[in-house]
Structures are given as C-alpha cells and as structure tokens.
Amino acid sequence: MSGALILAIESSCDETGIALVEDGRRIHANIVASQVALHAETGGIVPEVAARAHLRWILPVLDEALAAAGVTVADVDAVAVTYGPGLAGSLLVGINVAKTLAWVHDRPLVGVNHLEGHVYAAWLLDPGQVEGPAPAFPLVALVVSGGHTFIVEMRDHLAYRLLGETVDDAAGEAFDKVGRLLGLGYPGGPEIQRVAATARHHDTAFPRAWLGDSLDFSFSGLKTAARRVVDAARADEGLTGDPETPLPDGRIAELAWGFQESVVDVLVTKTIRAARAVGARSIVLGGGVAANAVLRSRLLGEADALGISVVIPRPGLCTDNGAMIGAAGARRFAAGERAGLDLDARPSLPLAAR
Ligand code: KG4
Ligand code: ZN
C-alpha cells in the first residue's frame, strides 16, 4: 500500500480507542480507555453513561496516542473513524472528534464499518513485531462480538459475501447472559473462560443449535438451557428454597465449561465447513469472543489438520480498539474513499449481503 499514516478513532460501544497505524498494518500507538469497570456496576451498558464516558476520555486518549507515536495530527495522511454499527450517542462522540480534526488540519476523513475493523485486525503488527504472514485470499472470517456473530467470505480486500449470521443473540451476548445466570462478573466471556478452566468434571452437556446445514447460528436457546441446568444443579445441592446461596464453585465451573464447549463447538464446526465450501486458504477470527482461548486453540487445531492457515489477533486486538479501524481505514483510504463532513452515525450498518 501507500505507506500512509492513519489516525483512527473507535467509540462505537464501551471502549474509547485511538490509534496511529502505518500502511494498514504497523501499529505506532494504540490507546484504549475501557469502560468495563463503569458498566460492571450496572451489569451491562447504559448508553447514556457510555456516551458521557467517551466524551470524558476521548481527548486525553488522543493526546496519549499522539505522544506514544511521537507525531502530531499534521503528520497524519488521513483520519479514519467508526461510523457504525453501534450506540448512536457513543458513535457521535468519535465521529465529531474525527470531523473536527480532519477539518482543522485539512486531512481526508474516512468512515469505517466497525465490523470491517474486527476483520482487518488480522493484518495488524505490533511495534517491533517481525512481519508475520498476512491472511491469504480467498478467506473466510468469523466475527464474534458482543453484538454480532457472522461468517463472511472475502476473495479480495474490502469485498465481502455473507455466508451465515446469528438469527437471534450474538455469541458474546450469550456469554454475558449466561455469565450473569451463573452469578459471574461482567463481562461474562472472560469470567466464563476463567472458571471453566477450573472444572474438574466435564460431563454437563448444553444443546447445540445446528440449524441443519445452514451456516447461520442461534444462541438464544442456550440461555433457557442454562437456566434449566442451573435450577437442576440447585435442586441437586438442596438450594431450591434458598435463592441467596450461590452454587458451589465446582458446580459453577462445570456449567461454565459445558456452555463454553457448546458455543465453541458450533462456531468452529460451521467456520471450518464454510472454509471448505469456498476453498479458503486462510481463516480469520475477530471480535471480542475471539479472545477466548478454547475457541482459538480448537480452531487452530482443526484448520491446521486441513492445511488452512488461521490468523487470530492477540486478545487485546480482538476486543474493540482503534488500531483495527486504522487497518481497515487504510484500505479504504488507499481505495480512494473519502467521507464528507456530513458523515453521520449509523447505529445499524451491515457489513455484507448474501
Ligand atoms: O468486540 P467486543 O469488544 O465488543 C463488541 O463490539 O461487542 O466484544 C465484547 C464481547 C463481550 O460479550 C465479552 O463477553 C466477549 O466479547 N469476550 C469474550 C472473551 N473476552 C471478551 N467471550 C469469551 N471469552 C473471552 N475470553
Ligand atoms: Zn466490536
């Protein structure tokens, strides 16, 4: 590509992220202010609270990112910003900062789909990291986040065909809901992974929604199943009349393990099926749930057996961050795309059609 330096801004949900990325790959700085502690108090995101936190943090995060990269806004070739999908109030904070910087410094503005950012995180390289293999086309990308779960085929940069998506809850949403049912902290994903690793028995089975041969997903039934097994476990432990007493840790670990197995099994099986169907050379994994260690290792193992390369960003680049927006924004910038100062937030913005 052009060697362009992109200033990238992400504020679609609950992380304020600003990064400087060169050539769509090389991270010069990637600062993320997380609101996780704030939203843990309410067990989920309150949109108004999230937007206000973005407003509070975005300029300090910008200053820190520029300082870490040792540049000023005058040094950048373009400003890229997430314009959807996401929470309207949160998106607007990033969009308005991006527009202001682009206008004041007379730099091009590039709008980026957040989901495209999760895919392009696979091309990123950390400072000092030796050039790794880039994903090879054709590829399939599985994006699994708190709000989205889908598989796309890519035969070239920026060209997507939807192969399958969730018909109800996203995988991350299922982790968060079941985490809450098990009395674990927010967000549920990392907590479920942590306690599942301590399980000593591995015989609690959760259902799998295969939906026939389809590459679509369904996770809403898992919440009902979790409620049922939690109730059964409580009866088993003689806790039915005692809602305040939590299940023993060992029981919670087993249930977390069974749930995680079910989600990982369906995600990996369908992704491998998709990769075989399109003759993929690579599989890319992205989104917050891609930080899950069991999902990562199982996908790596199964793809390796088929000679398909797997590219999974390190966990900190799977969850929301500015660098992934810089990686995707660089591609759009190189393709000549420019957004006007009328760029608006798009709370609902699909990445691809079938
Ligand atoms: O991509 P992301 O940071 O934000 C969205 O765009 O939604 O994804 C957040 C989601 C949450 O649902 C969280 O529980 C999940 O990613 N997550 C995990 C893990 N780390 C984060 N799920 C399973 N295992 C993990 N280790
Ligand atoms: Zn995300």
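**Helix packing, ligand contacts and backbone geometry**

In this predicted model, helix α8 (residues 249–278) packs against helix α9 (residues 293–305) at an angle of about 35°, and their axes are 10 Å apart. The two helices cross in a right-handed sense. On the α8 side the contact is formed by Gln260, Glu261, Val264, Asp265, Leu267, Val268, Thr269, Thr271 and Ile272, and on the α9 side by Val294, Leu295, Arg298, Leu299, Glu302 and Ala303. Sorted by class, this contact holds 8 nonpolar, 3 polar and 4 charged residues.

A second helix pair is formed by α5 (residues 171–181) and α6 (residues 188–196), which pack at an angle of about 65° with axes 7 Å apart. Here the crossing is left-handed. Helix α5 contributes Phe175, Asp176, Val178 and Gly179, while α6 contributes Gly188, Gly189 and Ile192. The class count for this contact is 3 nonpolar, 3 polar and 1 charged residues.

The α5 residue Asp176, part of that helix contact, also appears in the surroundings of ligand 1. There are 19 residues around the ligand, and Asp176 is among those that come nearest, together with Gly146, Gln193, Gly288 and Asn292. Gln193 falls within the residue range of α6, and a polar atom of its side chain lies 2.8 Å from a nitrogen atom of ligand 1. Oxygen atoms of the ligand also have polar partners. One oxygen is 3.3 Å from an N or O atom in the side chain of His114, and for Val289 the partner is a polar backbone atom, 3.5 Å from an oxygen atom of ligand 1. Taken alone, the ligand exposes 560 Å², of which the protein buries 90%.

The remaining points concern the backbone. Most peptide bonds are trans, and most residues other than glycine have a negative phi. Against that background, three loop sites can be noted. The peptide bond joining Gly84 and Pro85 is cis, with omega at about -10°. Pro85 sits in the loop between β4 (78–84) and α3 (88–104). Another cis peptide bond runs from Phe137 to Pro138, with omega near -5°, and Pro138 belongs to the loop between α4 (114–120) and β6 (139–144). His114, whose side chain approaches the ligand, falls within the residue range of α4. The third site is Asp106, which is not a glycine yet has a positive phi of about 55°. Asp106 is located in the loop between α3 and β5 (109–113).

Conventions: Residues are numbered from 1 along each chain as its sequence is written. Chains are lettered from A and ligands numbered from 1 in the order in which they are written. This is a predicted model: local features need pLDDT of at least 70, side-chain atom pairs count only at pLDDT 80 or more; totals for chains, interfaces and linings use all residues. Side-chain values use heavy atoms; hydrogens and water are left out. Axes are lines fitted to C-alpha atoms, for helices over the stretch in contact, and angles run from 0 to 180 degrees between N-to-C directions. Helices (H or I, at least four residues) and strands (E, at least two) are DSSP runs, numbered from the N terminus. A crossing is left-handed if the near helix is turned anticlockwise from the far one by less than a right angle, and right-handed if clockwise. Contact means heavy atoms within 4.5 Å. Ala, Val, Leu, Ile, Met, Phe, Trp, Tyr, Cys and Pro count as nonpolar, Asp, Glu, Lys and Arg as charged, and the others, Gly among them, as polar. A residue is near a molecule or strand if one of its heavy atoms lies within 4 Å of it. A polar contact is a pair of N or O atoms within 3.5 Å; within protein, one must be able to donate a hydrogen and the other to accept it, and residues adjacent in sequence count only if both atoms are side-chain atoms. Accessible areas come from the Shrake-Rupley method with a 1.4 Å probe; for residues, only the protein chains shown count as cover.
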